[in-house]
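Welcome! Below is a protein chain to explore, and this report walks through it from the overall picture down to single residues. Take a moment to turn the structure around before reading on.

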Amino acid sequence: MPEFTAVPQLRLSTAAQPNRMAEIAAWLAAAQDSPQVTPLERPRAVVFEGSHPIAARTIDGVGITQYSPADEKRWRDSLLSAAQRAGVGIEFIDCSVVESSDTSAAMSPTECESFIELGMTTADREIDSGADLLITSACCMGEETLAAGVMGRITYTEPVAIVGTNTLASGITDAMWKARVSVVRDSMFRARNLEGWEVVQTIGSPNLAALVGFIAQATARRTPVLIDGPLAATAAVLAERTAPGVKGWLRAGSTTPEPAYALALKELELNPLLDLNLSEGFPLGALAALPLVQLAAELA
């Protein structure tokens, strides 16, 4: 695997902040290594695409998701519109996959390394072009199931708990929920004796690997990052475990009903900037939170 550059510790002020806006401004000032925050000039969003075949899996004829490829196109269109309204350039990076992570290895070691490097070079390109804040996420069907499998395995959380019951309110039926639990259980079982990158190679996905590389490299280069969605949060946990110090440079966009996301943010010690409880179309939450971040910088 590529060797990640050591991530500098973010030196946040130890003084208590009077409100959330002040806390955001203090975080940005620390990331800019300045006593006074400078308003953002070139925030950029990078979305790692690539629908995983796991989204098409069925158990006894029942699928694990209520979404379709048409929804992916709708999400993409919504993200383009939201980014334009927020004044943010957005780039979509294709991360194609071949196999489903609950039936065969998601990637070979060589493929996993190549996607990590893709994320790292993408972060370098954006920062070299002047990005002063990055927003990142996956945007694909099945990402919540992938995130649940990986987070469940690396935190030793039971499948039922990592899938959770809050997702029933987001449109999936009881039968879909049972199918999702079964897929996550089987995925975690296949990785039961694996550690580290072997877990990502076996039950992860190329866009998860790319997100880990992107987040680790961006933070190593002293660039603050807004993450959004279960797969991006899972990638952030993996990046922090690989290169301690990553989490200080991160903030989370919004809440979701997915337990894997909440568990990842707990490990990262992050509280989402907004409470929108989104279950689709990431990083819409981070794009919605960006004006708050910009306002905090301007008012500081």
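A residue is called buried when its relative accessible area is under 20%, exposed when that value is over 50%, and partly exposed in between (1.4 Å probe, protein chains only). By that yardstick, 58% of the 300 residues of the chain count as buried.

Before going further, here is some background. This is a predicted model, in which local features need pLDDT of at least 70 and side-chain atom pairs count only at pLDDT 80 or more, while totals for chains, interfaces and linings use all residues. Residues are numbered from 1 along each chain as its sequence is written, and side-chain values use heavy atoms, with hydrogens and water left out.

**The whole chain**

The chain contains 11 helices and seven strands. Helices (H or I, at least four residues) and strands (E, at least two) are DSSP runs, numbered from the N terminus. The chain is as compact as a globular protein of 300 residues, because its radius of gyration is 18 Å, close to the 19 Å from the globule rule. That radius is taken over C-alpha atoms, and the rule is 2.2 Å times the number of residues to the power 0.38. Along its principal axes, the C-alpha trace spans about 60 × 40 × 35 Å.

How much of the contact network links residues 24 or more positions apart? Such residues account for 79% of the contacts in the chain with a separation of 6 or more, where contact means heavy atoms within 4.5 Å.

On the outside, the chain exposes about 12,200 Å², and carbon and sulfur atoms supply 51% of it. Accessible areas come from the Shrake-Rupley method with a 1.4 Å probe, and for residues only the protein chains shown count as cover. The chain has 22 positive and 35 negative charges, and their mean positions are 2 Å apart. Here Lys and Arg count as positive and Asp and Glu as negative, while His and the chain ends are not counted. Each charge is placed at NZ of Lys, CZ of Arg, CG of Asp or CD of Glu.

**Cysteines without a bond**

A disulfide is a covalent bond between the sulfur atoms of two cysteines. How many does this structure hold? There are zero disulfides, with a disulfide taken as a pair of cysteine sulfur atoms within 2.5 Å. For Cys95, the closest cysteine sulfur belongs to Cys140 and is 9.2 Å away, too far for a bond. Cys139 is in no disulfide either, since the nearest cysteine sulfur, that of Cys140, is 7.2 Å away. Cys95 is buried at 0% relative accessibility, and Cys139 is buried at 6%.

**Buried residues and their partners**

Thr136 sits in strand E5, which covers residues 133–139. Thr136 is buried, with a relative accessible area of 0%. Beyond residues up to four places away in sequence, Thr136 touches several others, including Val46, Phe48, Leu211 and Asp228.

Ala220 belongs to helix H8 (residues 206–220), and Ala260 is in helix H10. Leaving aside neighbours within four places in sequence, Ala220 is in contact with Thr5, Ala6, Val7 and Pro8, while Ala260 is in contact with Ala147, Ala148, Met151 and Ile162. Ala220 is buried at 13% relative accessible area, and Ala260 is buried at 0%.

The table lists pairs that are separated along the chain, with their C-alpha distances.

| Pair | Separation in sequence | C-alpha distance |
|---|---|---|
| Ala220 and Phe4 | 216 residues | 8.1 Å |
| Ala260 and Val163 | 97 residues | 7.2 Å |
| Pro283 and Gly229 | 54 residues | 6.6 Å |

**A loop with unusual backbone angles**

Most residues other than glycine have a negative phi, and most peptide bonds are trans. With that in mind, look at the loop between helix H10 (259–268) and helix H11 (284–299), where Pro283 is found. The peptide bond from Phe282 to Pro283 is cis, with omega near 10°. Pro283 is buried at 0% relative accessibility, and its contacts outside four places in sequence are Val47, Leu79, Ile135, Ser137 and Asp228.

Glu269 is found in the loop between H10 and H11, and so is Asn277. Although Glu269 is not a glycine, it has a positive phi of about 60°. Asn277, also not a glycine, has a positive phi of about 55°. Is Glu269 buried or exposed? Glu269 is exposed, with a relative accessible area of 62%, whereas Asn277 is partly exposed at 46%.
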